[in-house]
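Biologist: Could you take a close look at a single part of this model for me, and then set that part beside the rest of the chain? I'd like one connected account, please.

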Amino acid sequence: MSNSLMHLLLLPTRLSLWILSFVYYILVYGIAGITACLVLIRTVWTGFRDPYRTFQWNARKRPPDCLKDPALGDHAFLKGRSSGLRFHYVTKGDHRRPLMLLLHGFPENWYSWRYQLQEFSSHYHTVALDLRGCGDSDAPVPLEQYSLDILLYDIRDTIDELGHTSCILVGHDWGGMLAWHFALERPDMVQRLIVMNAPHPASWLDAVLRRPSQLLRSGHACFFQLPMLPEIVLSLEDFKLVRSLFCGKNLGIRNKSRRLTETQMEGYLYRLSQPGGLTGPLNYFRSLLSNTLYKHQDVGVPCMLIWGEADTILVEGMSGGTRPYVRGPVVIHTIPECSHWVQQDQPERVNKLIWDFVLDRDIIKHNH
């Protein structure tokens, strides 16, 4: 078949992809503009009423005690072979045991996995990584340093530097999105995949294009595409919006017994409050959300998706939409009255689901 005929046959597909991409960009940046207008109106109003409180934020001088709790594990650093960057992580458990690698989301750091570090260290080499730009890991400024390929190299290098060839990969939020992509690219390095409140990339795109109105539920993600303004807005009133993500009535942790104390909240604000501390985490949205034409391969490794039903941050219905994109064994669990911060909101339930999944040998048999 000649090249010209091949290009002709592929033309309808390429045109369709271009149209979908164009529609997606219109939706994302349209909602970004609307959200920015609403945010600016609110900022002007609150600034007029109380300018001192509105435009006041403090860079924390020292980390809170919760980040230094020895019961959660040992702090260490590794150097990424591909990037040369230094990555901070907290590890607990015998390094000779199988690796369980934990990837946090926004605007978190390794501390979001405190319950899992303690729970699974008896059987696994548990490692909670600070992703690049977050926590105590190096934070390059340029947006191109947060491209998907580079971020996936970080995960590969981490597994290698920790002395393992594969792992049980666990991710939440953007960490979950990275976990999906890593399982697609390097299934040989993923024994089992556990994702929390992060849809398969293809189901995210499908859900947005099928029901564009639902993208309004993720208006914050669209707003974060804009330069500089999100950093300023998130810092206002001493990071009031960041606090509301974790502690607000609609967005925050629902379980009263697991709501963040002021010290625990400072565990997240400490690094975010440093100069430039928000740019790295926000670059994940700016880079990954713009990467619209995700590869729609099926995930072939055994995987489990855990979804907090009371999540008001991500588009509804995405948990069920994941199943068509999984070729191997898949388990999907929804937890009623549980927020987006699922592993912190319902740690006992989440930990039990993980134990049931990782110890289920029938899943491995089904996969072969």
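Modeller: Happily! Helices (H or I, at least four residues) and strands (E, at least two) are DSSP runs, numbered from the N terminus. This is a predicted model, where local features need pLDDT of at least 70, side-chain atom pairs count only at pLDDT 80 or more, and totals for chains, interfaces and linings use all residues. Residues are numbered from 1 along each chain as its sequence is written, and side-chain values use heavy atoms, leaving out hydrogens and water.

My choice for the close look is helix α8, which covers residues 229-247. How far apart are the end C-alpha atoms of α8? They are only 23 Å apart, although the helix has 19 residues and a straight one would reach 27 Å (1.5 Å times one less than the number of residues). Now find E237, where α8 bends by about 110° (the angle between axes fitted to the seven residues ending there and the seven starting there).

The residue just after E237 deserves a look too. D238 belongs to helix α8, and its phi is near 55°, a positive value in a residue other than glycine. Is D238 buried or exposed? With a relative accessible area of 13%, D238 is buried (under 20%, whereas exposed is over 50% and partly exposed in between, with a 1.4 Å probe and protein chains only). D238 has company in α8: P230, E231, V233, L234, S235, L236 and E237 are also buried, as are F239, V242, L245 and F246 towards the end of the helix.

For a helix to set beside α8, try α5, residues 174-185. Its twelve residues reach 17 Å from the first C-alpha to the last, close to the 16 Å expected at 1.5 Å a residue. Eleven of those twelve are buried, so α5 is largely enclosed by the rest of the structure. Among them are the tryptophans W174 and W180, along with M177, H181 and F182.

D238 has a counterpart in a loop, since N197 also has a positive phi, near 45°, and is not glycine either. N197 lies between β6 (190-196) and α6 (201-210), and at 0% relative accessibility it counts as buried. Another backbone detail is the cis peptide bond from F106 to P107, with omega near -5°. P107 is in the loop between β3 (99-103) and α3 (114-120).

Two more residues show how parts of the chain meet. T91, in strand β2 (residues 86-92), is buried at 14% relative accessible area. Not counting residues up to four places away in sequence, T91 touches G73, D74, H125, T126 and V127 (heavy atoms within 4.5 Å). A59 sits in the loop between α2 (51-54) and β1 (74-79) and is partly exposed, at 41%. Its C-alpha is 4.7 Å from that of S273, though the two residues are 214 apart in sequence. Beyond neighbours within four places, A59 is in contact with S273 and Q274.

Finally, the whole chain: there are 13 helices and eight strands, and buried residues make up 55% of its 368 residues. Among contacts between residues at least 6 apart in sequence, 76% join residues at least 24 apart.
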